Amino acid sequence: MTLPWHKAIVTKIEDATHSTRRFWIQIPELERFDFQPGQFVTLDLPIHEQKNKRWRSYSIASAPDGTNTIELVIVLNEHGLGTPHLFNDVIVGSELILRGPQGKFTMPELLDRDLYLICTGTGIAPFRSMVHFINRFKVPHQQVHIVFGCRKLEDVLYETELKDLEKECEGFHFHPCFSREKEVGEGRYTGYVHEVYEKLIDEQRGTDGSLPPSYFYLCGWKTMVDHAKQKLQELGYDKKAIHLELYG
């Protein structure tokens with residue numbers, strides 16, 4: 001079934017980093033906008049005459065809260081058409097055309113295994129939605145890890161918020177990694193996400209060396225996602241335990 005398009009209003013905009021911006025969007029014609037953590041919406045932007053060249057999809061970064069407002073976190077692609085319009089032309093009060101929610105990149109039951117949410121850049125958006133949903137609705141879970149890859153310290157998203165959530169949500173852990181930094185401070189890692197999730201998996205191995213039962217969700221740059229999928233299968237995980245979504 002094709003979902004209808006809705007008129008939406010931008011109610012708040014905030015810079016998250018030098019190249020990333022948070023947009024709060026309300027859908028006034030709906031009393032509440034229901035979605036599952038991990039789903040996305042599609043915007044119809046006035047950037048091209050052909051419909052399919054106007055559409056841009058973004059994961060919802062906020063958790064379902066019973067309201068008709070959602071948050072998107074978007075990185076500027078100066079060579080594209082969609083994000084320059086959002087960054088240069090859209091202000092608080094601007095009207096957008098939106099369709100959703102869509103997508104099957106949603107959480108499984110977490111009763112019997114750990115969950116690794118491995119991401120880069122704005123690929124953190126669906127995972128932020130998931131962990132806030134787990135905490136808000138007290139979803140039974142094992143260990144939940146966000147392993148988030150950035151280049152520089154200035155690129156990190158939601159760090160203070162997710163470090164605070166570690167204290168509130170038992171079993172949740174946030175691991176920011178920085179590939180182009182030499183010194184990052186306590187609670188952070190240098191290098192790439194792959195060394196971090198491999199280390200976490202090794203720490204949970206059984207005394208016989210068996211792998212800990214786990215789900216893996218990968219979201220972000222294609223090179224990271226492809227490499228992580230290959231590495232996890234080489235470690236011995238079945239591809240059915242690995243779910244992925246590409247950004248760019």
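**Entry 1. Strand β6 and its proline**

I looked up Pro-101 and found this residue in strand β6, which covers residues 95–102. The model I am reading is a predicted one. I then checked the peptide bond that runs from Gly-100 to Pro-101, and I noted that this bond is cis, with omega near 0°. For context, I recorded that most peptide bonds are trans.

**Entry 2. Positive phi values**

I next searched for residues with unusual backbone signs, keeping in mind that most residues other than glycine have a negative phi. Lys-138 has a phi near 50°, a positive value in a residue that is not glycine. I located Lys-138 in the loop between α2 and β8. Is Lys-138 buried or exposed? I count Lys-138 as exposed, because its relative accessible area is 59% and the cut-off for exposed is over 50%.

Tyr-158 also carries a positive phi, of about 60°, although it is not a glycine. I placed Tyr-158 in the loop between β8 and α3. Tyr-158 has a relative accessibility of 9%, so I entered this residue as buried, the limit being under 20%.

**Entry 3. The chain as a whole**

I counted the secondary structure and obtained 5 helices and 12 strands in the protein chain. I compared the radius of gyration with the globule rule: for 248 residues a compact globule would be near 18 Å, and the protein chain has 18 Å, so the two agree. Along the principal axes, the C-alpha atoms fill a box of roughly 60 × 40 × 35 Å.

I noted that 48% of the 248 residues count as buried. For the accessible surface I wrote down about 12700 Å², of which carbon and sulfur atoms hold 48%. Among contacts with a separation of 6 or more, I found that 71% come from residues 24 or more positions apart. I also looked up the charges: the chain has 29 positive and 35 negative ones, and their mean positions lie 5 Å apart.

**Entry 4. Salt bridges**

How many salt bridges does the structure hold? I recorded 17, and I followed three of them in detail.

I began with Glu-71 and Arg-128, which form a salt bridge whose closest N and O atoms are 3.0 Å apart. This pair links distant parts of the chain, with Glu-71 in strand β5 (residues 69–75) and Arg-128 in helix α2 (residues 125–136), 57 residues apart. Glu-71 counts as buried because its relative accessibility is 2%. Arg-128 is buried as well, with a relative accessible area of 8%.

I then examined Glu-181 and Lys-152, a salt bridge with its closest N and O atoms 3.9 Å apart. These residues also join distant parts of the chain: Glu-181 is in the loop between β9 (172–178) and β10 (189–190), Lys-152 is in the loop between β8 (144–150) and α3 (159–168), and the two are 29 residues apart. I entered Glu-181 as buried at 18% relative accessibility, whereas Lys-152 is partly exposed at 32%.

My third pair was Lys-231 and Glu-198, whose side chains meet in a salt bridge of 3.1 Å, N to O. Here two helices are linked, with Lys-231 in α5 (residues 222–235) and Glu-198 in α4 (residues 193–203), 33 residues apart. Lys-231 has 22% relative accessibility and counts as partly exposed. Glu-198, at 23%, also counts as partly exposed.

I finally asked which residues are joined into one network by salt bridges that share partners. I listed Lys-12, Glu-14, Arg-22, Glu-71, Arg-128 and Glu-161.

**Entry 5. Arg-205**

Where does Arg-205 lie? I found Arg-205 in the loop between α4 and β11 (214–220). With 29% relative accessibility, Arg-205 counts as partly exposed. I looked up its contacts, leaving aside neighbours within four places in sequence, and noted Ser-210, Leu-211, Pro-212 and Leu-235. As a separate distance check, I recorded that Arg-205 and Arg-136 are 69 residues apart in sequence and 30 Å apart in space, C-alpha to C-alpha.

How values were computed:
Residues numbered from 1 in each chain as written. Predicted model: local features only at pLDDT ≥ 70, side-chain atom pairs only at ≥ 80, totals over all residues. Heavy atoms only, no water. Salt bridge = Lys/Arg side-chain N within 4 Å of Asp/Glu carboxyl O. Helix = DSSP H or I, 4+ residues; strand = E, 2+ residues; numbered from the N terminus. Buried < 20%, exposed > 50% of the residue type's maximum accessible area, 1.4 Å probe, protein only. Rg over C-alpha atoms; globule rule 2.2 N^0.38 Å. Contact = heavy atoms within 4.5 Å. Areas by Shrake-Rupley, 256 points an atom, 1.4 Å probe, with all protein chains shown as cover. Lys, Arg positive; Asp, Glu negative; His and termini not counted. Charge placed at Lys NZ, Arg CZ, Asp CG, Glu CD.
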